[in-house]
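Open the model in your viewer and keep the selection tool at hand. Each stop below says what to select and what is there.

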Amino acid sequence: MNRSHRVNTRKNLKKTAEVPFDGEKRHISPVTTAQFRQITHEEAGQRIDNFLFRIFKGVPKSHVYRIIRSGEVRANKGRIDQTYRLKAGDLIRIPPLKVSEKTGKFIPARSFDVLYEDDCLLVINKPAGIAVHGGSGVSFGVIEQLRASDPKAKFLELVHRLDKETSGILVLAKKRSALVKLHEQVRNGSIDKRYQALVQGDWKNQRQHVRAPLLKYHTADGERRVKVDPNGLASHTVFNVLAHYPGFTLLEAELKTGRTHQIRVHLASSGYVIAGDDKYGDFDLNRQLQKAGDRGLKRMFLHACRISFIHPETGKPITVEAPLPAECTAYLKSLQHRKTGDDDA
């Protein structure tokens with residue numbers, strides 16, 4: 001059988017359904033025979049359920065678990081459960097999966113500013129206002145757009161995440177082996193991530209540690225939020241002063257842990273909100289920034305500016321930097337002019 005797919009063209013069969021397979025949309029008939037796939041070294045190590053989720057993108061997870069429980073998914077002709085981890089050389093039986101004929105949403109391809117790229121890594125400079133992935137009311141994000149721009153790419157996964165409102169460095173893995181090794185560095189805290197944040201107020205200490213446990217919760221309308229809570233996860237951020245401006249301080253944030261909204265909540269709980277933060281910030285300040293025209297700020301001033309880690313293949317240290325976006329630099333210049341009294345500059 002052809003590796004890609006088999007389409008049955010007999011007139012008395014139902015119209016073929018379109019489901020994504022191997023990162024591409026392929027026509028698979030609800031009554032076609034099973035497909036077989038041999039696991040490569042790059043695919044080895046992952047659980048069978050996660051492997052199938054990538055193959056059947058958009059298919060409800062409950063359907064995937066059903067075909068595993070029923071024994072329709074097999075490894076080397078034997079039954080397996082959802083916890084089975086793939087081994088290089090495994091022959092996996094992938095059954096036909098009946099799905100609706102509704103096609104997936106259109107995802108526009110998009111290119112991003114590439115900061116670093118080789119055979120196993122892609123590091124981009126993500127603009128503010130773009131989610132890193134789809135979900136929770138977002139149709140698609142950076143990862144989906146990058147996959148759409150290169151549908152022949154065999155593997156592309158996020159190593160970490162950034163808030164939609166945050167700009168800057170985003171690391172993606174082009175090989176599973178690279179993803180596994182980088183995730184290990186994330187878990188043991190050996191990746192050094194630095195951010196720049198502009199906060200309201202005069203930050204006093206040149207270097208300050210903030211250790212405050214963070215707890216996730218949902219608002220009444222279902223929106224995800226984070227708060228400082230003794231029942232939360234241990235969280236640690238180090239803040240270094242970069243510059244003082246009238247009414248503001250530019251800080252470098254050094255992450256020691258990587259909790260959701262960690263920098264934003266640690267700053268807000270310390271009494272120094274990030275300029276433009278629409279979740280934890282000062283809403284009156286944000287309105288003033290929005291109305292200030294060319295000298296205002298129409299985004300949250302939080303930027304992932306530097307990351308250092310061990311290259312997953314060479315074993316050598318690597319550091320990638322991303323300059324402040326133009327809109328952030330322009331606002332700092334306007335603050336500097338206010339500081340020096342040079343209003344005509």
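**Stop 1: the largest cavity**

The model is predicted. Begin inside the protein, where the largest cavity holds about 50 Å³ of space. The structure has three cavities of 30 Å³ or more. To see the walls of the largest cavity, select Val159, His160, Val171, Leu182, Val186, Ile191, Lys193, Ile307 and Phe309. Now colour this lining by class: seven of the residues are nonpolar, one is polar and one is charged. Which elements each supply at least two residues of this lining? They are α4 (176-187) and β17 (302-310).

**Stop 2: helix α3**

Select residues 142-149, which make up helix α3. Its buried residues are Val142, Ile143, Glu144, Gln145 and Leu146. Show β8 (121-126), β9 (157-158) and β10 (167-173) as well, since the buried residues of α3 pack against these strands. While the helix is on screen, recall that an α-helix has 3.6 residues a turn, so residues three or four places apart point the same way.

**Stop 3: the second largest pocket**

Move on to the second largest pocket, with a volume of about 1,400 Å³. Its lining has 38 residues, and those closest to the centre of the pocket are Arg161, Leu162, Asp163, Arg224 and Thr260. Select these five to find the place. Then show α4, β11 (192-200), β16 (248-255) and α5, the elements that give two or more residues to the lining of this pocket. By class, the lining divides into eleven nonpolar, 13 polar and 14 charged residues.

**Stop 4: salt bridges**

Side chains of opposite charge can pair when their charged atoms come close. How many salt bridges does the structure hold? There are 21. Three of them follow.

Select Lys279 and Glu223, which form a salt bridge with their closest N and O atoms 3.6 Å apart. Lys279 lies in the loop between α5 (262-269) and α6 (283-291), and Glu223 in the loop between β13 (214-218) and β14 (224-228), so this pair ties together parts that are 56 residues apart in sequence. Lys279 counts as buried because its relative accessibility is 16%, under the 20% cut-off. Glu223 is partly exposed, with a relative accessible area of 30%.

Next, select Glu254 and Lys256. Their side chains meet in a salt bridge, at 2.7 Å from N to O. Is Glu254 buried or exposed? Glu254 counts as buried, at 6% relative accessibility. Lys256 is partly exposed, with a relative accessible area of 41%.

For the third pair, select Glu327 and Arg299, whose side chains meet in a salt bridge at 3.1 Å, N to O. Glu327 lies in helix α7 (residues 326-340) and Arg299 in the loop between α6 and β17, so the pair ties together parts that are 28 residues apart in sequence. Glu327 is partly exposed, with a relative accessible area of 38%, whereas Arg299 counts as buried at 10% relative accessibility.

Finish this stop by selecting Asp163, Glu165, Glu223, Arg225, Arg264, Asp277, Asp278 and Lys279 together. Salt bridges that share partners join these residues into one network.

**Stop 5: Thr249**

Go to strand β16 and select Thr249. This residue is buried, with a relative accessible area of 0%. What does the side chain of Thr249 reach at 2.7 Å? It is the backbone oxygen of Gly201. The side chain of Thr249 also reaches the backbone nitrogen of Trp203, at 3.0 Å. Leaving out residues up to four places away in sequence, Thr249 touches Ala197, Leu198, Val199, Gly201, Asp202, Trp203, Val241, Ala243 and His244.

**Stop 6: Ile92**

The last selection is Ile92, in strand β6 (residues 91-94). At 0% relative accessibility, Ile92 counts as buried. Add Asn76, which is 16 residues from Ile92 in sequence and 6.4 Å from Ile92 in space, C-alpha to C-alpha. To see what surrounds Ile92, show the residues that Ile92 touches, not counting those up to four places away in sequence: Gln35, Phe36, Arg37, Ile39, Ile48, Phe51, Val73, Arg74, Ala75 and Leu86.

Definitions and conventions. Residues are numbered from 1 along each chain as its sequence is written. This is a predicted model: local features need pLDDT of at least 70, side-chain atom pairs count only at pLDDT 80 or more; totals for chains, interfaces and linings use all residues. Side-chain values use heavy atoms; hydrogens and water are left out. Buried means under 20% relative accessible area, exposed over 50%, partly exposed in between (1.4 Å probe, protein chains only). Helices (H or I, at least four residues) and strands (E, at least two) are DSSP runs, numbered from the N terminus. Contact means heavy atoms within 4.5 Å. On a 1 Å grid over the protein atoms alone, a cavity is a set of points where a 1.4 Å probe fits but cannot get out, and a pocket is an open set with protein on both sides within 12 Å along at least five of seven lines; lining residues have an atom within 4 Å of a point. Grid points are joined across faces, edges and corners, and a volume is the space filled by probe spheres set on the points. Ala, Val, Leu, Ile, Met, Phe, Trp, Tyr, Cys and Pro count as nonpolar, Asp, Glu, Lys and Arg as charged, and the others, Gly among them, as polar. A salt bridge is a side-chain nitrogen of Lys or Arg within 4 Å of a carboxyl oxygen of Asp or Glu. A polar contact is a pair of N or O atoms within 3.5 Å; within protein, one must be able to donate a hydrogen and the other to accept it, and residues adjacent in sequence count only if both atoms are side-chain atoms.
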